[in-house]
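Student: Could you take one part of this model and walk me through it closely? I'd like to see how its two sides differ and what sits around it.

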Amino acid sequence: MPDDEGTLFLTNLSQAFTANRLTQMVREYIDQAGIGKRGSCHLFHYTMATLMLENGADVRFIQAMLGHVGLETTQIYTQVSIRKLKDIHTATHPAKMMRAQQLEQAPELYEEGLLSALAAEEVEEDIES
């Protein structure tokens, strides 16, 4: 039995992939998917790191997993994602909190205010048309 050379990806002829073969394959699959973005293996690398950080992983563990020498390189993944930002905004925006509090304290007043606002919008639409 031959020694294990540590090759992870093999062609259908049991040969080691060339340095760029996996990237080429990923790029072709992304193009075929028609998502309109260029991609490579780095896309998976970036996505994994971003999702792990969003789910609470410590940036130092991500650094070790990605093999980055300096934390500065890993910190590019700590940029806030739009999805996470929207989730936090929706959950904590003061207007939402105020509406929930008003509804809880006096649902009939909140309902009256909402109906008044809808009626005012209807009047504005009639004036504009």
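**A close look at helix H3**

Tutor: Let's start with what H3 leans on: its buried residues pack against H2 and helix H4 (71-74). Keep in mind that this is a predicted model. The buried positions in H3 are Val 59, Ile 62, Gln 63 and Leu 66. They sit on the same side of H3, because they span an arc of only 105 degrees around the axis. That fits the usual geometry: an α-helix has 3.6 residues a turn, so residues three or four places apart point the same way. Flip to the face turned away from that buried side and you find Arg 60, Phe 61 and Ala 64, which are exposed.

Now for the core. The largest nonpolar core has six residues: Ala 49, Leu 53, Val 59, Ile 62, Leu 66 and Tyr 77. Helix H2 (41-54) and helix H3 (59-66) each put in at least two of them, and H3 gives the largest share, three residues. Ala 49 is a handy one to click on: beyond its neighbours within four places in sequence, Ala 49 is in contact with Ile 62, Leu 66 and Tyr 77.

Just past the helix, H3 is followed by Gly 67, with a positive phi near 75 degrees.

Zooming out, the protein has seven helices and zero strands, and 15% of its 129 residues are buried. Among contacts with a separation of 6 or more, 18% link residues 24 or more positions apart. The accessible surface is about 10800 Å², with 58% of that belonging to carbon and sulfur atoms.

Terms used
Residues numbered from 1 in each chain as written. Predicted model: local features only at pLDDT ≥ 70, side-chain atom pairs only at ≥ 80, totals over all residues. Heavy atoms only, no water. Core = buried A, V, L, I, M, F, W, Y, C linked by side-chain atoms within 4.5 Å. Buried < 20%, exposed > 50% of the residue type's maximum accessible area, 1.4 Å probe, protein only. Helix = DSSP H or I, 4+ residues; strand = E, 2+ residues; numbered from the N terminus. Contact = heavy atoms within 4.5 Å. Areas by Shrake-Rupley, 256 points an atom, 1.4 Å probe, with all protein chains shown as cover. Arc of directions from axis to C-beta.
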